[in-house]
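This report concerns the charged contacts and the internal cavities of one protein model. The sequence and the structure are shown first, and the findings follow.

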Amino acid sequence: MKHAPLSRYTALAAAALVAAALLPSTAGAQYFGRNKVQYKTFDFKILKTDHFDVYFYMDRAAADRAARMAERWYARYSRFFNHELKGRQPLILYASSNEFQQTTVLSGVIGEGTGGVTESLKRRIVLPFGASPAESDHVIGHELIHAFQYDIARGPQIGAGQGAAQGMALARLPLWLVEGMAEYMTIGPIDPNTAMWMRDAARRKDIPDIKKMANSYKYFPYRWGHALLSYIGGRWGDETIARIFSAAIRTGDIEPVMEKILGIKLKQLSADWKEAMIKSYEPLLAMTELEAKVAKPVVKGTETNVYNISPTLSPDGREFMYFSTRDLFSIDLFLGNPDTGKVIAKVTNTAVNARFESLLFINSAGAWDMEGRRYAFGAVSKGQPIINIYDVQTKKNAREIRLPQIGEVFYPTWSPDGKAIAFSGMTEGATNIFIYDMETDDLRKMTDDAFAALHPAWSPDGRAIAFMTDRFTSDPSILSVGGYELAVLDTATGEVRRVPTFDRGKKTNPQWSPDARSLYFISDANGISNIYRIDLDTEKIYQVTNLYTGVSGITAISPAFSVAQKSGRIMYSAYDEGRFSVYSIEAPEALAGTPTLAQFGDYRPAALPPMDRQPGLVLGLLRNPIFGLPESQEFPVTDYKPKLGLDLVTTPQVALGVDRFGTYGGGGITLYWSDMLGEHTVATMAQVNNRLQDSAALVAYQNSQKRLNWGAVLQRIPYVYGYYSYAEDYLFNEPALIEQEYLFRQVYYEGSGFLSYPFSQVQRLEFGAGARLIDFQSEVRTFAYSLYDSTILMNEKTSLPAPASIWYGFARGALVYDSAIFGATGPIIGQSYIVEASPMAGNMSYTSFMADYRRYFMPVKPFTLAFRMLHYGRYGKNADDDRLYPIYIGYDGLVRGYDYNTFDDYAEFDGPDAFDFNRLLGSKILIANAELRFPLFGLLKLGKGYYGFLPVDFVAFYDVGWAWQNNDKPSFLSGGGRKPVHSLGVGMRFNVFGYIILGVNYVKPFSRPNKDWHFEFSFQPGF
């Protein structure tokens, strides 16, 4: 009788093997991952306006301001789109970026570069207050555009739980349209920051065709989308942008929509746009400098090191600190030599060291004390803002000042005597100037209002602190946010006075001259951000740099330069060649600046083409702070009470099939539920087959309200596997074809609870307990067909003996650590480990134990050495019970070269060189892996960036593993005879559009004498 596996049960069989072994998916390593830590528990309330439910926990006045801003943006957008949002719009506010990163609304770790999010499931806008009122207003407006986009994408036919469909509709559109619209609508056609990017691109003739802008990795969609939509709005009218979006969201194809509405081919539109950019910006080259003639490049940005920002000079000008991406995987703080650019020390290592969860590099820089021995910088550690004091001589952290009463700490600055540190601190959604006494630990709040107070700089004589603010240009009564001006705070009296500079443009990043008689600052009064100096006695202004692009950090208000407080030397970061570089100025005459200020006549460096644009709706709305602004009023406020709502309904899956045994049908659906703040989540799943006994169901609940997350699961999961046999024989005295279908079922019933307590973003404790019942069933179905006329002679189902059911209670405890940084196809630096024990007691008793340790080194960029040591075992009375399927080590993620599907030649199990398949099975395993990984095309310089033109890793590997049982010990234990299996090979792993990792290995399994080098495929990331 011949046998063959039942193909329609193969996947279930594989799942059953793993589940029956009670082993987590070692290949997928689902037990790793960084933690979202809720360091604080927030007492949310709901403020209700005409269109918004505003969720807040901070000062009521801050929530009122945000609510009124949101209503103003709503009025603007409803007019622009001619559309009203369906239902009320949730707006969830956090008092600082640090607290926003703890949100339970969004899963996953949020980076400090994320200023806000609009998610599609409940169309929730979630954001922190910005570092200034202007930043907060901009982010609210930017995210509300996405809410309108989702709602327009929703259409009338989509109901509750179908938010994912909105997200999918929006995902079909290019990011330059989605994000560029949000930037254009909130900023308008005049923006020195976006124009700086465009000037740089125009000079390099690197203006892409519109089709190529879909490559958001190369062409940042916020800036490029802003510029293109500004051109379209200026040439065809702003209303055209709304028409393009509304039509494109229905078809999902932007090209024909744009061509039809604009009446021009996309190729011609690209050519016209390029011509307009070059015509607008090229004349400025003769009036400016690409690199200041008086400046020396110190750290040049590269394709793989884009950001070198916020340089701060030591008082003598002989050393400097700066933020950089030079080590690829994060922005870190480096100590360097300002003459050579050589790195003296790496101060932080945030990629793999979890001590600093944030360095606040977007809005902050550090400061040297007057002796040049200590360096202070703001950070977030264990969920709290800190000022970290770094000893430059010993290269160690000397002191940590924790400030739990502050939301975020920006830009610390030392008093000349080194006894106090002033900083810009964020509380209740507003920034103010604070002074911390290093000796008494007293904290003084020097300003107390809702105006911006950023970039403080303590004067060399100790009498004043210069800072930037909008207090002189804003009108709080109508929430009109003005430009940034310079101010000086008297440290003795608290008096604030304005420093008169230009009538227009921003004035940021004040720095004192060594004699305290001048202030250096950055301004874009003429459309380009450059460094200026004002003589405080004469109030005369001098220009120090005249760059074509501009002096800049990551954002328009990021700190970008510093002055050495003894030598007067200047270092600044500038944007050029599509990246940020650091420059130095030393010559006294250059530091003094020139009294002739650059003017550009009819050319407007901050404007986005076309320069002869017609008056537009967007600019008119932005310049009218009253339109849509509700009167200041007492909006009603209620306490937040959690209520579950349907988030997502997965697409119902229905399958029908037919084979020689009949027809089959089945289907399944999953529903996800949560409350508005994501503190309570519920998942329900049902999968039904035409055989009711093969149906599955699951209900799961998780509570994320506090740092200790907990939940429970109830489930019934069947695993079915089997084989069939066939033979020719006589039945009822006539020849017949007899086929038999053998089915084996393991049905899992489980009720369990779990706890998870994160110590930090990289380490957590997990606990769980529950009860499980595993029911076994076996049956054979016999079919007989007459060989004369194919009539059915027999159709019988017979139950076969099956193992007795297993029932037991279990507990689980695990310590998990994961600081690994993931590349395109697998981790490339850091380490991960888990130590887990799970005792089980009932009619089956044993304890499972697992230890999995992984380490990733990069001795020379871009090569990674990856190592793993994994042990999993069942120990105790029933560890080797036949009802527990043995653990198999031949999976691709364990020991390569021994995949079940490669054993296709039965001769391999015969003869003197026969392979003993049992070497791959056991109740305990020990695996060791070593792998060399590197980006193939990046190493060959085929394309730009770390990975080149395709995210492909080349790998070379060696695997070795043991599988054994109590009565057959491994060779490394005394008296053991079970030999290991090992293999060697090379391969490649491809990241396919971020959806799947596809791998191909060419492997030699040394323990299989009759098997030579062969190919194996995988569909998972590297360990």
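Asp206 counts as partly exposed because its relative accessibility, 21%, is not under the 20% that marks a buried residue. In this predicted model, Asp206 joins Arg204 in a salt bridge, with an N to O distance of 3.4 Å. Arg204 is likewise partly exposed, at a relative accessibility of 27%.

A search of the whole structure yields 51 salt bridges. Three of the pairs are listed below.

| Salt bridge | N to O distance |
|---|---|
| Asp206 and Arg204 | 3.4 Å |
| Lys211 and Glu255 | 3.6 Å |
| Asp881 and Arg883 | 3.1 Å |

What does the salt bridge between Lys211 and Glu255 tie together? Lys211 lies in the loop between helix H7 (192-203) and helix H8 (221-236), whereas Glu255 belongs to helix H10 (residues 254-262), so the pair links parts that are 44 residues apart in sequence. Lys211 is exposed, with a relative accessibility of 56%, while Glu255 is partly exposed, with a relative accessible area of 26%.

Are Asp881 and Arg883 buried or exposed? Both Asp881 and Arg883 are buried. In addition, Arg896, Glu931, Arg933, Asp959 and Arg989 are joined into one network by salt bridges that share partners.

The report now turns to the cavities. Eight cavities of 30 Å³ or more are found when the whole structure is searched. The largest cavity holds about 320 Å³ of space. Its lining consists of 25 residues, and Ala367, Trp368, Thr413, Gln511 and Gln565 are those nearest the centre. The elements that contribute two or more residues to this lining are strand S8 (308-313), strand S12 (367-368), strand S16 (408-414), strand S20 (454-458), strand S24 (507-512) and strand S28 (561-563). Strand S16 provides the largest share, four residues. By residue class, the lining of the largest cavity comprises 15 nonpolar, nine polar and one charged.

The second largest cavity has a volume of about 110 Å³. It is lined by 16 residues, of which Asp892, Gly893, Arg896, Gly1022 and Phe1023 are the closest to its centre. One of these, Arg896, also takes part in the salt-bridge network described above. The lining of the second largest cavity divides into four nonpolar, six polar and six charged residues.

Methods:
Residues numbered from 1 in each chain as written. Predicted model: local features only at pLDDT ≥ 70, side-chain atom pairs only at ≥ 80, totals over all residues. Heavy atoms only, no water. 1 Å grid on protein atoms, 1.4 Å probe; cavity = no way out; pocket = protein on both sides within 12 Å on 5 of 7 lines; lining within 4 Å. Points joined across faces, edges and corners; volume = space filled by probe spheres on them. Nonpolar A, V, L, I, M, F, W, Y, C, P; charged D, E, K, R; others polar. Salt bridge = Lys/Arg side-chain N within 4 Å of Asp/Glu carboxyl O. Buried < 20%, exposed > 50% of the residue type's maximum accessible area, 1.4 Å probe, protein only.
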